[in-house]
Amino acid sequence: MAELKVETEPGEVGFDPERLKRIDSHFGRFVDDGKLAGWTVAVARRGRVAHLSHCGLADIESNRPVADNTIWRIYSMTKPITSVAAMMLYERGALELTDPVARYIPAFADMRVYVAGSAANPGTVPATEPIRVWHLLTHTAGLTYGFHHAHAVDEIYRAKGFEFGVPRGMDTAAACDAWAQLPLMFDPGTEWNYSIATDVLGRVVEVASGQSLDEFFSEHIFGPLDMTETAFSVAADDLERLATLYVQNPAGGGLVRNTSLGDAATRQPTFLSGGGGLVATAADYHRFTQMLARGGELDGARLLSPRTVAYMSRNHLPGGVDLDAIGRPLFAESQFRGVGFGLGVSVVVDAPAGKSLTSEGEIAWGGLASTAFYIDPVEEITAMFFTQFMPSSQYPIRPHLRKLVMQAVVD
């Protein structure tokens, strides 16, 4: 079992310990003010954890505190793991980034693109380009999420039962076949839209490897990295360690449980979501971030070549633009200025443009329940934040985390 603990004095890796305490006091106010139930923060530099703290409760109703072994729903922080799986297969020659997805999922042949009309009666034209594996990795496939509520195609997804997750009983293969029957928002490779692309990529991993996604993860990623508490559901014996998922009380004041989504983690799913299905401890995900930070290797287990990790960490958006320029309106916001997208992770390409205290080359992503991580290769920093609050856009946790960590660097 992976263990997360402070491994060095902050000063030994260039942190001011008093300034690091600002992380705890700042996010502690989120708990004091009833915005979050509780959280865990971990900050490492040069491969050693210099700051680890917990605050508040994993479950308000039972007064259970956040602990070292708390299990979190990481939602879209699953995406970098699925992307690593795909790149491992790429390194082995089992797939090519330019492969049409239809080679692995035939239903994705002959896709059509929405051009006009209502969700009930959309006008479509044939796609000018097939969806390729690299479109899935970069969210430029033309797919979407039903929960966006920003486009007619989003509404089409919802009408078919694809808002959060998939209809009960549907497996990954069936979901992909169903998505392939829906129109794309745009021609593949022309725009960026956050989507079910990584779920489709998970199915590509299954077909290319001949293993189910949970089997591939277990054998090739979790096992080698000693991530023994990362899975698609929480075992019955460990349910008392699972943090509760909360939303703001719509009646005003405080937090309430979200059981409709939160309870999904308590049972083994039929649909193995490569885009958002995993639960993990902070200790486990720390090992995953360290593997990326060290160029694909950790404690003798090499998952990827350093060159492959570096390639994933480059901006792969068409023309080298940022998300503010190419992202759909939902993502064309100031927080995405200066941020591009690599293969499964965001990439900072212009820190001043984004008014963000970080380094060019920083890779990151977060999850629906306000979890987040980032890796700054220039400062050799990794940082993680775990909580269980939806939606993740409610509070500026991610930029605050970057700022509070970087202001503590004094060497």
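Across which strands does helix α9 lie? In this predicted model, local features need pLDDT of at least 70 and side-chain atom pairs count only at pLDDT 80 or more, whereas totals for chains, interfaces and linings use all residues. Residues are numbered from 1 along each chain as its sequence is written, and side-chain values use heavy atoms, with hydrogens and water left out. Helix α9 (residues 282-293) lies across β1 (38-45), β2 (48-59), β15 (372-376) and β16 (381-386), and runs at about 155° to β16. Helices (H or I, at least four residues) and strands (E, at least two) are DSSP runs, numbered from the N terminus. The angles run from 0 to 180 degrees between N-to-C directions, the axes being lines fitted to C-alpha atoms, for helices over the stretch in contact.

The strands beneath this discussion belong to an open sheet of eight, ordered β3-β2-β1-β16-β15-β14-β13-β12 and paired in the antiparallel sense. Its edges are β3 (64-65) and β12 (339-341); each has a single partner strand, so one side of each is left without a neighbour in the sheet. Two strands are taken to pair if DSSP finds at least two bridges between them. From the β12 edge, three bridges lead to the antiparallel strand β13 (residues 346-348), with Gly340 opposite Val347. Strand β13 in turn pairs with β14 over two bridges, again antiparallel, and Ser346 has Ala364 in β14 as its bridge partner. Ala364 also stands opposite Tyr374 in β15, in an antiparallel pairing of β14 and β15 that comprises four bridges.

In a regular strand the side chains alternate between the two faces of the sheet. Within β14, Ile363 and Trp365 point one way while Ala364 and Gly366 point the other way, and all are buried. Here buried means under 20% relative accessible area, exposed over 50%, and partly exposed in between (1.4 Å probe, protein chains only).

Strands β14 and β15 form a hairpin with five residues between them, and Ser370 in the turn has a positive phi of about 75°. Thr371 also lies in the loop between these two strands. At 0% relative accessibility, Thr371 counts as buried. Not counting residues up to four places away in sequence, Thr371 touches Arg73, Ile74, Met77, Gly366, Phe385, Phe386, Thr387, Gln388 and Arg398, contact meaning heavy atoms within 4.5 Å.

A further helix, α12 (residues 397-406), lies across β1, β14 (363-366), β15 and β16, running at about 140° to β16. As for α9 itself, 11 of its 12 residues are buried, so the helix is largely enclosed by the rest of the structure. The expected span of a helix is 1.5 Å times one less than its number of residues. For the 12 residues of α9 this gives 16 Å, and the end C-alpha atoms are 16 Å apart, which agrees. Among the residues of α9 is Leu292, buried with a relative accessible area of 9%. Leaving aside its neighbours within four places in sequence, Leu292 is in contact with Val84, Val309 and Ile375. Just after the helix, Gly295 takes a positive phi of about 80°.

The interior can be followed through its nonpolar cores, sets of buried Ala, Val, Leu, Ile, Met, Phe, Trp, Tyr and Cys residues joined through side-chain atoms within 4.5 Å. Of the 95 residues in the largest core, Phe108 and Trp179 touch the most other members. Helix α2 (residues 79-91) gives the most to this core, with seven residues. A second, separate core of 30 residues includes Ala37, Val41, Tyr246 and Leu404.

Helix α2 also packs against helix α7 (residues 213-222), at an angle of about 75° and with the axes 11 Å apart. The two helices are therefore roughly perpendicular to each other, a description that covers angles of 65 to 115 degrees, with those under 35 roughly parallel, those over 145 roughly antiparallel and the rest oblique. At their interface, Ile81, Thr82, Val84, Ala85, Met88 and Leu89 in α2 meet Phe216, Phe217, His220, Ile221 and Phe222 in α7.

Finally, three strands form an open sheet of mixed pairing in the order β8-β7-β17. Strands β8 (255-257) and β17 (389-390) stand at its edges, each with a single partner strand, so one side of each is left without a neighbour in the sheet. Strand β7 (residues 246-248) pairs with β8 in the antiparallel sense over three bridges, and Gln248 stands opposite Leu255.
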